[in-house]
Structures are given as structure tokens and as C-alpha cells.
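Please read the following note with the model open beside you, and take the points in order.

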Amino acid sequence: MTIKAIVTDIEGTTSAVSFVFEVLFPYAKQHLPVFLQSHQQTVEVAQQIQAVRVEAKEPEADLARVTELLLEWIEQDVKSTALKALQGMVWQQGYLSGEIKGHVYPDAVQQLRAWHTQGYPLYVYSSGSVQAQKLIFGCSVAGDLTPLFSGYFDTTVGHKREVESYLAISQQVGVAPEQILFLSDVVQELDAATAAGMQVYGLAREGGVLGDYPTVDSFAQIQLS
């Protein structure tokens with residue numbers, strides 16, 4: 001089946017997992033408390049603070065408690081949409097100041113550029129917020145890579161281990177699932193994408209295989225044919 005669109009994960013696929021846990025998470029933990037204190041009255045931040053209260057089922061939580069919850073969630077890598085949105089805002093400050101440069105593997109940069117040149121629409125699907133996705137590619141070590149992508153998806157479209165999420169992406173992209181290639185380093189995500197009808201490749205950066213799926217350790221080894 002001909003590939004008409006490519007959707008890629010970020011963490012462990014285009015970018016090192018260590019970048020998230022050794023750079024992004026510590027930066028968010030360090031700067032989030034002051035950011036919340038300084039920006040709590042802005043509409044965008046206030047909405048996410050309220051979303052944290054709802055998610056935690058603590059409607060009366062004050063800012064100190066909300067901050068405590070968020071720091072706990074960062075430590076536990078909780079897939080909270082509100083947390084991801086707030087982290088993205090904090091990271092934006094770090095990226096724009098030059099304190100953070102997004103890590104993207106050189107082979108991913110080269111192949112994404114090649115696919116873009118060849119006319120393949122490229123999309124990102126990550127548990128990180130769309131804002132965070134644009135930052136890691138927009139302020140990357142390889143420069144601004146955002147012109148390569150036609151769109152971004154995060155957990156607002158659904159969680160990454162649910163079949164319905166990939167069907168929703170297919171619908172929004174306007175390409176049949178069978179003509180979409182999905183790239184990830186997580187077997188359960190490959191399972192869900194496959195169940196939705198997509199073609200898949202597993203990325204195992206340290207070698208090995210991901211289930212029964214075609215698995216490579218570099219974007220250069222991916223064969224679209």
C-alpha cells in the first residue's frame with residue numbers, strides 16, 4: 001500500500017529519551033513554581049490551573065497545592081494534558097532564552113528533510129503538548145525544523161495506546177489509515193496504530209526489536225516501499 005503521510009513520535013524516536021528526563025523535566029521542576037506565581041492571573045494559565053484542580057478532584061486547591069501536585073506529576077511522568085500545557089509554557093521561556101536546545105537525532109533530521117522534499121506530508125504525535133512539540137523542533141540543535149511538518153497531535157486527540165486516537169488522526173489528516181506510516185519506540189503504540197490499520201516501523205535506538213514489528217535503529221533504514 002502506498003504511503004501518503006508519515007506520523008512520528010518524538011521521545012525515543014526522533015529525540016533521545018534522556019533529553020526529556022535530564023533536561024526538560026528538571027527545567028520544568030525548577031521554573032514552574034515561579035512561573036505559576038507570576039502568571040496565575042493570565043487566562044491561559046488560569047484555565048490550566050483549574051484543569052489541574054478538576055483532574056485531581058481537589059476543587060478548592062490553592063496555588064501552593066496545585067504547584068505541589070504538578071511537581072509530583074512531573075516526578076511520576078503523569079500524562080496530564082494540563083501538566084503538559086503548563087510545562088510547554090515554561091519550556092518556551094527556556095527555548096526562547098537559549099537555555100534549552102531541542103535534541104533531534106541527525107538521522108531523523110536528514111530523513112525528515114528528505115521525505116519533505118519528496119512531498120510526503122509529515123505529522124507529529126506525542127504525549128507532549130503541541131506547543132512543546134513545536135518548541136523542540138523549532139528551537140532544535142539543527143535549527144528550525146517546523147517548516148517540515150504539516151501538523152501536530154497531542155493527547156487532546158486521544159491517548160497514544162488507544163486505537164481511536166489513530167483513527168481520529170487519519171480523519172483529520174484526510175488520509176486512509178492504510179496509507180499512513182506511524183513511527184514509535186513503544187510496542188503498545190505500534191499495536192494501537194496497527195489495529196487502526198496504519199503501517200508502522202519501530203525505532204529501537206539501542207538495538208533490539210519491538211514485538212513482531214519491523215524495527216530499525218535509525219531513520220535511514222526505513223523503507224517506504
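The points below cover the nonpolar cores first and a group of strands afterwards.

1. This is a predicted model, in which local features need pLDDT of at least 70 and side-chain atom pairs count only at pLDDT 80 or more, while totals for chains, interfaces and linings use all residues. Residues are numbered from 1 along each chain as its sequence is written, and side-chain values use heavy atoms, with hydrogens and water left out.

2. The largest nonpolar core (buried Ala, Val, Leu, Ile, Met, Phe, Trp, Tyr and Cys residues joined through side-chain atoms within 4.5 Å; buried means under 20% relative accessible area, with a 1.4 Å probe and protein chains only) has 56 residues, and Leu36, Trp91 and Ile222 are among those with the most contacts inside it. Helix α1 (residues 17-39) gives the largest share of this core, 9 residues.

3. Leaving aside neighbours within four places in sequence, Trp91 is in contact (heavy atoms within 4.5 Å) with residues including Leu24, Phe25, Ile100 and Leu135. Apart from the core of point 2 lies another one, of 21 residues, among them Tyr123 and Met198.

4. Strand β5 (residues 199-203; strands are DSSP runs of E, at least two residues, and helices runs of H or I, at least four, numbered from the N terminus) is largely enclosed by the rest of the structure, because 4 of its 5 residues are buried. Strand β4 (residues 180-184) runs parallel to β5 and is joined to it by 4 bridges, and strands count as paired if DSSP finds at least two bridges between them.

5. On its other pairing, β5 is parallel to strand β6 (residues 215-216) over 2 bridges, with Gly202 opposite Thr215 in β6.

Technical notes
Buried < 20%, exposed > 50% of the residue type's maximum accessible area, 1.4 Å probe, protein only.
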